[in-house]
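Subject: Structure for your review

Dear colleague,

I am handing over the structure we spoke about, and below it I have set out what was found. Please read the notes with the sequence and the coordinates open beside them.

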Amino acid sequence: CVIHTPPTHPKPLAGHQAERPIDLLGLEHRQSGNGDSYSFFINYRVTTDRDSAEKLYWMLTGRESKQHSKKIKTTVFLDKYCLSAGEPWDLGFVKGLQNSSVIILIISENAIQSIRNADLKPDNVLLEYEYALEKYSKGKCHILPLLVGEYIYVENHGRVFKKFGAFDVSIFPELPHCHEMSKCENITVRQTMSNLFKLQGISVANDTIASEQVMKAAFSLMDHPFQEHPEFSFFS
């Protein structure tokens, strides 16, 4: 995607349904010759974590780094800036997630609440979790979960940071995701979320998501060899 000029204010240092059947993995191969590859893909819930996603975008975009020992200038897929007007969502999804080296998941407690109903109502964030885990299982990407906590007021202590703690997967349905583009027909939403929480994440707050710690972790993964993780493969 085009690298946009950042906003003038200082920046921190640091989806849609399609008709079935859609062979997203096949689309990945057909798209691979068009030069659309990305260093990072940012997965997030627009209604809860849009600002955090933009902070990450500006922190990670256009920096010099190494990818498998080769010097590169980083590119970041964020739907707001990288989906072309009129572009089918499924093609943009493939172009972004399937052609990125590091998939960054912004996971907040509010962001995953609607996944509790994903057996009845399609959820695009969950769909991206599914495809990210499948790609990870085949040794084609790294995944970096950012577990977003929140500040709460505690009597006699004032404003206190509460780490992300929504690891109880029993709230998610023991039924498959109903999204027409999901390939997890024999895997429940609960199993997908359980697999997701097996990944090592970084605890962050909204105001520290674009931090030195996150930047170092993301760029370290860029230069780390991919490895297969067959235990995460669950597509039917």
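**Ser-137 and helix H5**

Ser-137 has its place in helix H5, which covers residues 124-137. Before going further, please keep in mind that this is a predicted model, and that the values quoted here are computed from it. With a relative accessibility of 4%, Ser-137 counts as buried, since buried means under 20% relative accessible area. Once its neighbours within four places in sequence are left aside, the residues in contact with Ser-137 are Glu-228, His-229, Pro-230, Phe-232 and Ser-233.

Leu-126 is also found in helix H5, and this residue is buried, its relative accessible area being 0%. If residues up to four places away in sequence are not counted, Leu-126 touches Ile-115, Ala-118, His-177, Val-189, Thr-192 and Met-193. For one of these partners a backbone distance is available as well: Leu-126 and Thr-192 are 66 residues apart in sequence, while their C-alpha atoms are 8.5 Å apart in space.

**How H5 meets H6**

Two packed helices are described by the angle between their axes and the distance between the axes. For H5 and helix H6 (residues 189-196), the axes come within 10 Å and cross at roughly 60°. The two helices H5 and H6 are therefore oblique to each other, and their crossing is left-handed. On the H5 side the contact is made by Leu-126, Tyr-129, Glu-130 and Leu-133, and on the H6 side by Val-189, Thr-192, Met-193, Asn-195 and Leu-196. Sorted by class, the residues in the contact of H5 with H6 comprise 6 nonpolar, 2 polar and 1 charged.

**How H2 meets H7**

Helix H2 (residues 46-60) and helix H7 (residues 212-222) pack with their axes 11 Å apart and at an angle of about 60°. H2 and H7 are therefore oblique to each other, and the crossing of H2 and H7 is right-handed. From H2 the residues Leu-56, Met-59 and Leu-60 take part, and they meet Val-214, Met-215, Ala-218 and Phe-219 in H7. The residues of this contact of H2 with H7 divide into 7 nonpolar, no polar and no charged.

Two members of this contact can be followed individually, beginning with Leu-56, which is found in helix H2. Leu-56 is buried, with a relative accessible area of 0%, and, leaving aside its neighbours within four places in sequence, it is in contact with Ile-42, Ile-104, Ile-106, Leu-146, Ile-209 and Val-214. The C-alpha atoms of Leu-56 and Leu-78, which lie 22 residues apart along the chain, are separated by 9.5 Å.

On the other side, Val-214 is found in helix H7 and counts as buried at 0% relative accessibility. Not counting residues up to four places away in sequence, Val-214 touches Leu-56, Met-59, Leu-144, Leu-146, Val-204 and Ile-209. Val-214 and Val-204 are 10 residues apart in sequence, and the distance from C-alpha to C-alpha is 8.5 Å.

**A strand residue, a loop residue and the cysteines**

Ser-39 lies in strand S1, which spans residues 38-43, and at 3% relative accessibility Ser-39 counts as buried. Its contacts, with neighbours within four places in sequence left aside, are Ile-72, Thr-74, Thr-75, Ser-101, Val-102 and Met-222.

Asn-156 may deserve a look in the backbone torsions, as it has a positive phi of about 75° although it is not a glycine. Asn-156 is found in the loop between strand S7 (150-154) and strand S8 (158-162), and the residue is exposed, with a relative accessible area of 74%.

How many disulfides does the structure hold? The number is 0, where a disulfide would be a pair of cysteine sulfur atoms within 2.5 Å. As for individual cysteines, Cys-141 is buried, with a relative accessible area of 1%, and Cys-184 is likewise buried, with a relative accessible area of 1%.

With kind regards

Conventions
Residues are numbered from 1 along each chain as its sequence is written. This is a predicted model: local features need pLDDT of at least 70, side-chain atom pairs count only at pLDDT 80 or more; totals for chains, interfaces and linings use all residues. Side-chain values use heavy atoms; hydrogens and water are left out. Buried means under 20% relative accessible area, exposed over 50%, partly exposed in between (1.4 Å probe, protein chains only). Axes are lines fitted to C-alpha atoms, for helices over the stretch in contact, and angles run from 0 to 180 degrees between N-to-C directions. Helices (H or I, at least four residues) and strands (E, at least two) are DSSP runs, numbered from the N terminus. Angles under 35 degrees count as roughly parallel, over 145 as roughly antiparallel, 65 to 115 as roughly perpendicular and the rest as oblique. A crossing is left-handed if the near helix is turned anticlockwise from the far one by less than a right angle, and right-handed if clockwise. Contact means heavy atoms within 4.5 Å. Ala, Val, Leu, Ile, Met, Phe, Trp, Tyr, Cys and Pro count as nonpolar, Asp, Glu, Lys and Arg as charged, and the others, Gly among them, as polar.
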